[in-house]
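Reader: I'm new to this one and a bit lost. Could you pick a single part, take me through it slowly, and then show me how it fits with the rest?

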Amino acid sequence: MAEAPATIKVIIDNIPVDVAPGTTILQAARMIGGDVTPPAMCYYSKLEGSGGKCRTCLVEVSKGSEKDPRPMPKLVASCRTGVMDGMEVKSMTSDKVLDARKGVTEFLLLNHPLDCPVCDQAGECHLQDLSYEHGGAGTRYEFDRRTFDKEDIGPYIQLHMTRCIMCYRCVYTAQQLTDQREHGVLDRGDHSTISTCIGKALDNEFIGNVIDVCPVGALTDKTFRFKNRVWFTKPVDAHRDCPTCSGKVRLWMRGNEVFRVTARKDQWGEVEEWICNDCRFHKKEASDWTIEGPSVVNRHSVISQGHYRGVASPSQVQNLMPEIMGRDPKFLLNIHEVSDVNRPQVDLSKIGGPAHGTNFLPNLHTDDV
Ligand code: SF4
Ligand code: FES
């Protein structure tokens, strides 16, 4: 019997690439990179069984293989279709594909609320990116959007079921990372919902990772809720000696305050190394971490606004000012001396929950906030 070749050739949008047998079209496209790569809302290379749910990754196979050059009759989900030797695929170069992506985006948005102005995921939401790149200007949907009873799934993770796109990533994460999965998909079709059975709290020590895999704002970090917009924070890579996980994280800071801790993500928005709840939810002091330096942020991301690599922290700049100017800087007005409207001693990141006006009352003791 003839031996299987070590690599096979596939052409995607007229760009040839050699890949190992068993590679999917999506993985092959990721090897080429750039616009050729189909969007993927449910596939996650680190989660076994993921993919095949959202249909955002549809592509056209215009030539099946060298042996059987017939085109595939329908668009296929690239995350679930393996490449064949000599296969030719159209992604961005197919009008059919672009039209289908527009339709899929419209479907995903049918029940999705326009929460972006208040959603903590704004700025790093894959559905926002998808609708920006592939969505239409309007919707043809005329019915009321789905609503759900609010469910409290524990002290650290906020569930907004109306935003969920049923990608199953959080379910696979809980199944494959934790020793006891407490949530899953209940009911079928339009009634499907992510829920615990019944009213349980998600408190496994690796369960915080469901926040990072969720492509939308359906699962967010309660300790960061409404504290800041991600593009106002500065992501830095940091590590600590953690007995439970690798301890390699990304800190989202403003000044010297740590607002949020997440896992580091790669260029596809996938977690590089899973982190534990202790690192994510309980280590919110800069002194808990050894800071490595600013994270690399894609320059097309809204998070890259005001994010300059190699910039010193505000306190370092303050210390350098007299040296550079040859004298102490003179402020025209120090707002804190003339007004109580802002209280610099209030650390937003340390308020347990969203900040309210009461957190800034002048007679409130700092320890009360
Ligand atoms: S909650 Fe998020 S990760 Fe879980 S199924 Fe819904 S969209 Fe996917
Ligand atoms: S990424 Fe392929 S179906 Fe969702």
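Author: What follows is a close look at the surroundings of ligand 1, and then a walk through other parts of the chain.

First, some ground rules: this is a predicted model, where local features need pLDDT of at least 70 and side-chain atom pairs count only at pLDDT 80 or more, while totals for chains, interfaces and linings use all residues. Residues are numbered from 1 along each chain as its sequence is written, chains are lettered from A and ligands numbered from 1 in the order in which they are written, and side-chain values use heavy atoms, with hydrogens and water left out.

Now, to the ligand. Around ligand 1 you'll find Cys164, Ile165, Met166, Cys167, Tyr168 and Cys170, then Ile194, and then Cys214, Pro215, Val216, Ala218 and Leu219. To be listed there, a residue needs a heavy atom within 4 Å of the ligand. What kind of residues are they, nonpolar, polar or charged? The shell divides into 12 nonpolar, no polar and no charged. In that count, Ala, Val, Leu, Ile, Met, Phe, Trp, Tyr, Cys and Pro are nonpolar, Asp, Glu, Lys and Arg are charged, and the others, Gly among them, are polar.

The space that ligand 1 takes up is the largest cavity. A cavity here is worked out on a 1 Å grid over the protein atoms alone, as a set of points where a 1.4 Å probe fits but cannot get out. A molecule sits in one if more than half of its atoms lie within 2 Å of its grid points.

Two of those neighbours deserve a second glance. Met166 is in the loop between strand 6 (157-159) and helix 4 (169-177), and Tyr168 lies in the loop between strand 6 and helix 4 too. (Helices, H or I with at least four residues, and strands, E with at least two, are DSSP runs numbered from the N terminus.) Most residues other than glycine have a negative phi. Met166, though not a glycine, has a positive phi of about 55°, and Tyr168, also not a glycine, has a positive phi of about 75°. How do they sit, buried or exposed? Met166 is buried, with a relative accessible area of 16%, whereas Tyr168 is partly exposed at 30%. Buried means under 20% relative accessible area, exposed over 50%, and partly exposed in between, using a 1.4 Å probe and protein chains only.

Let's step outwards. Leu109 is in the loop between helix 2 (95-108) and helix 3 (126-134), and it is partly exposed at 28%. Leu109 and Arg163 are 54 residues apart in sequence and 9.0 Å apart in space, C-alpha to C-alpha. Thr196 belongs to strand 8 (residues 193-196) and is buried, with a relative accessible area of 1%.

For the wider picture, the chain has 8 helices and 13 strands. Its C-alpha trace spans about 80 × 55 × 45 Å along its principal axes, and buried residues make up 46% of its 369 residues.

The aromatic rings add some cross-links to your mental map. The structure holds 5 aromatic pairs; rings of Phe, Tyr and Trp (its six-membered ring) pair if their centres lie within 6.5 Å, with planes under 30 degrees apart counted as stacked, over 60 as edge-to-face and the rest as tilted. Take Tyr44 and Trp274: their ring centres are 6.3 Å apart and their planes are at 25°, so this pair is stacked. Tyr44 is in the loop between helix 1 (25-32) and strand 3 (58-63), and Trp274 in the loop between strand 12 (257-263) and helix 6 (277-282), so the pair ties together parts that are 230 residues apart in sequence. Both residues, Tyr44 and Trp274, are buried.

Finally, two arginines sit over tryptophan rings, meaning that CZ of Arg (or NZ, for a Lys) is within 6 Å of the ring centre and within 35 degrees of the ring normal. The charged end of Arg260 is 4.5 Å from the ring centre of Trp252, and that of Arg240 is 5.9 Å from the ring centre of Trp289.

Terms used:
1 Å grid on protein atoms, 1.4 Å probe; cavity = no way out; pocket = protein on both sides within 12 Å on 5 of 7 lines; lining within 4 Å.
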